[in-house]
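Here are a few notes to read alongside the structure. I hope they are handy while you have the coordinates open.

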Amino acid sequence: MASGLSASLDTSQVGGFGGFFQSSSRGITIGPYIAAMLSNNWAVDAALGYSRISNDLGIAFLNANFLSQRLSGAVNLHGQYDLGLVNVRPRLSTGYSRTYSDAYELQGAFNAQVLGLNISAPVNVPFPEASYDYASVEGAVEVNRLFTMANGNRLMPFAEFGALYEFVRPNDGQILTSDLTLAIPSPWSFSTKAGLRLLLSEALLIEARAGYLSFGQSGLDVVEARLHVSFSF
């Protein structure tokens, strides 16, 4: 059994409606984790997290900045099987989070020209404090191969294919589409990822990965890039 404390830095950026809408966020997540072997081929781990996030929101000429806090938990069941040429790692994961956002105001100035005169009027649109829940379950299979380099470092390229089902979504999954109508997209999406792990010593592991996460979602493109550094002491 192993336990510890993890911390991560996260950033995201979303744009839509031909640049009419822009949103970005930056945050840090910290929390404990625990892992245990169930058999020679299977292990389970669980983690809790607290996140503090700074959000920037822009809609046309209106802009806002506000803070969010998130409590989250996740459980992962994963295995590994040596098939000779490659290793196969099946995984089943589930997670839940609750996000609390501060009240904020979208602020800006509306500018127009009337009868040759430039008119500017301040606009303030208040939004109250809000909270929402999100929960999902994901199944995935990773295929990898381990190489030992001449200097003793170990290199592992890998590819992963997964399916995600979101069973709790904000606003019951309802979103605003590009033609300003409301729609509920499928709670199912499919992903493919590829990356590289490099074990530089018994204590230092570096992982880089990239992936496309929104197969099965028409009109939506979600991509991921991640760099993970793990140091054991």
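Is Tyr-104 buried or exposed? Tyr-104 is buried, at a relative accessible area of 17%. Please keep in mind throughout that this is a predicted model.

1. Let me start with the first ring partner of interest. Phe-66 and Tyr-104 have ring centres 4.2 Å apart, and their planes meet at 10 degrees. An angle under 30 degrees counts as stacked, so this pair is a stacked one. Phe-66 is buried as well, with a relative accessible area of 13%.

2. Now for where these two rings come from. Phe-66 belongs to strand 4 (residues 62-79), while Tyr-104 belongs to strand 7 (residues 104-114). The two are 38 residues apart in sequence, so their contact ties together separate parts of the chain.

3. Tyr-104 also pairs with Phe-127: the ring centres are 5.1 Å apart and the planes lie at 15 degrees, so this pair is stacked too. Here strand 7 is linked to strand 8 (residues 117-127), which holds Phe-127, and the two residues are 23 apart along the chain. Phe-127 is partly exposed, its relative accessible area being 34%.

4. Put together, Phe-66, Tyr-104 and Phe-127 form a cluster linked by ring pairs. For context, a search of the whole structure finds six aromatic pairs.

5. Strand 4, the home of Phe-66, is worth following through its strand pairings. With strand 3 (residues 42-59) it pairs in the antiparallel sense over 18 bridges. Within this pairing, Asn-65 of strand 4 stands opposite Asp-56. The two strands make a hairpin with two residues between them, and Ala-60 in the turn has a positive phi of about 55 degrees.

6. Strand 4 also runs antiparallel to strand 6 (residues 87-101), and eleven bridges join the two. One position to look at is Leu-71, whose bridge partner in strand 6 is Arg-98. As a reminder when viewing side chains, those in a regular strand alternate between the two faces of the sheet.

7. Finally, a contact between a charge and a ring. The charged end of Arg-197 sits over the ring of Phe-158, at 4.1 Å from the ring centre.

How values were computed
Residues are numbered from 1 along each chain as its sequence is written. This is a predicted model: local features need pLDDT of at least 70, side-chain atom pairs count only at pLDDT 80 or more; totals for chains, interfaces and linings use all residues. Side-chain values use heavy atoms; hydrogens and water are left out. Rings of Phe, Tyr and Trp (its six-membered ring) pair if their centres lie within 6.5 Å; planes under 30 degrees apart count as stacked, over 60 as edge-to-face and the rest as tilted. Helices (H or I, at least four residues) and strands (E, at least two) are DSSP runs, numbered from the N terminus. Buried means under 20% relative accessible area, exposed over 50%, partly exposed in between (1.4 Å probe, protein chains only). A charge sits over a ring if NZ of Lys or CZ of Arg is within 6 Å of the ring centre and within 35 degrees of the ring normal. Two strands pair if DSSP finds at least two bridges between them.
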